[in-house]
Amino acid sequence: MERIPILRMGNYLLVTIQVDMHDRLAMTLQDDLTQQISKTGAIGVLIDISSLEIVDSFIGRTLANIAAMARVLDAETVVVGMQPAVAITLVELGMSLPGVRTALNVESGMELLQTSRGSFARGMQDDSSGN
Amino acid sequence: MSKIAEVLQKHQGPLLDEWMKRLLEGSRRTDLISDKELKAQATELLGSITTSARSGKVSEVNGPEWSATREMLHEIAASRAKQGFTSSETATFVLSMKQPTFSAVRSEFAKDTDAQYQEIWAATTLLDKLALLTTDEFLAAKEQMISRQQEELLELSTPVVKLWDGILALPMIGTLDSARTQVVMESLLQAIVETNSKVAIIDITGVPTVDTLVAQHLIKTITAARLMGADCIISGVRPQIAQTIVHLGINLTDVITKAKLSDAFALALAKSGRAVVKVSEPAARMPGREA
């Protein structure tokens with residue numbers, strides 16, 4: 001079965017969507033990602049959708065859901081690299097993804113994750129080094 | 001079967017002279033068209049009408065027999081639209097042919113009043129149709145001009161400029177409608193991707209009025225930019241517009257607004273960790289200006 005790979009980079013999970021998202025794939029990603037977050041204890045999830053050219057309301061809702069689920073599991077989600085056409089489509093569909101943080105590219109998305117959780121992550125590290 | 005073609009053929013010379021006389025003494029625009037040009041057009045048109053009428057189908061101006069005449073009228077109407085004639089002046093060009101034609105018919109069927117009536121009726125129907133056709137073509141040419149200008153205006157009025165690394169500005173000028181906002185939105189989002197900009201300033205100093213629709217368009221653009229990972233700042237909100245926005249109950253609380261473009265630029269610089277500082281006294285004079 002087709003799957004979207006989830007890469008682990010330190011405390012963060014990296015998801016790059018390179019294929020056309022269909023509904024089953026989106027549901028699988030949602031399952032896999034939540035499992036991975038709880039398994040790895042990741043504090044941030046970065047979803048790169050720069051190759052995604054077509055989006056519908058279901059995919060939009062799934063993105064919002066993934067972000068909400070990740071927040072429940074104590075991880076921040078950043079969606080990066082959204083194409084203009086995709087952004088316009090989502091706005092026209094009335095989905096502004098209010099709970100999702102966004103960035104222009106992977107680099108600035110990573111920066112965003114690090115600055116927002118930076119102090120907290122350092123705190124954890126200090127704790128572990130102290131032990 | 002109408003004999004109008006034969007009448008036109010037979011009386012071509014005097015008819016043309018009479019027509020030209022009418023054209024010249026009527027409301028002629030010497031500033032827009034020369035006598036010579038007018039005569040050439042009239043001669044050509046009369047010849048074409050005669051040829052088309054000879055086919056027998058005098059009243060079917062939309063049929064294939066009349067295609068050459070239609071083409072000619074199209075050209076005449078298009079050139080007049082460009083030259084700046086009014087629609088009635090253009091229609092009068094064809095309609096002024098009526099009287100000479102009627103005179104020709106009258107002299108041809110001097111004794112047969114029935115035939116005279118019939119031919120005059122045929123001629124007036126034909127010329128009316130041709131005049132209407134000319135007016136239609138004239139209006140079509142005008143409309144084409146307007147739509148082309150609109151397109152040009154659309155392209156002219158939506159420039160996206162780069163103020164600094166990662167800071168874009170979109171100075172909007174003129175009234176915003178749905179079509180324009182779509183272009184503005186697309187060009188701004190495209191520019192954000194191309195220049196990798198984190199902040200976009202939408203300056204609405206040149207927008208005369210902001211209504212609910214315009215505000216909604218602005219909010220949509222800002223939301224789309226946020227989805228892509230860029231922040232938007234609105235600048236150039238004039239006092240009247242601020243009043244209108246509040247009176248209309250438009251919620252702009254989630255949007256950063258600044259009074260002037262310079263304020264927005266300062267904020268954008270601050271957001272990207274930059275600042276403008278004065279390094280020294282403005283001693284640098286322009287090179288060629290030194291005494």
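This section describes the overall make-up of chain A and the surroundings of strand β4 in chain B. The model is predicted.

Chain A has 131 residues, of which 37% count as buried. Its secondary structure amounts to four helices and five strands. In sequence order, these elements of chain A give the pattern β-β-α-β-α-β-α-β-α. Contacts in chain A were also examined by sequence separation. Among those between residues at least 6 apart in sequence, 81% link residues at least 24 apart.

In chain B, strand β4 spans residues 231–235. This strand is mostly covered, with four of its five residues buried. β4(B) pairs with strand β3 of chain B, residues 199–206, through five bridges. The two strands, β3(B) and β4(B), run parallel. Within this pairing, B:Ser235 of β4(B) lies opposite B:Asp203. Helix α9 of chain B, residues 212–228, joins β3(B) and β4(B) in a β-α-β unit. That unit is right-handed.

β4(B) also pairs with strand β5 of chain B, residues 256–257. Here two bridges are found, and the strands again run parallel. B:Ile233 has B:Ile256 in β5(B) as its bridge partner. From β4(B), the chain passes through helix α10 of chain B, residues 239–248, to reach β5(B). This β-α-β crossover is right-handed. β4(B) thus takes part in parallel pairings with β3(B) and with β5(B).

Note on methods:
Residues are numbered from 1 along each chain as its sequence is written. Chains are lettered from A and ligands numbered from 1 in the order in which they are written. This is a predicted model: local features need pLDDT of at least 70, side-chain atom pairs count only at pLDDT 80 or more; totals for chains, interfaces and linings use all residues. A residue is buried if 20 or more other C-beta atoms lie within 10 Å of its own, exposed if 12 or fewer, and partly exposed in between; C-beta atoms are placed from the backbone. Two strands pair if DSSP finds at least two bridges between them. A crossover is right-handed if, with the strands pointing away from the viewer, the path from the first strand over the helix to the second runs clockwise. Two residues are in contact if their C-beta atoms, placed from the backbone, lie within 7 Å.
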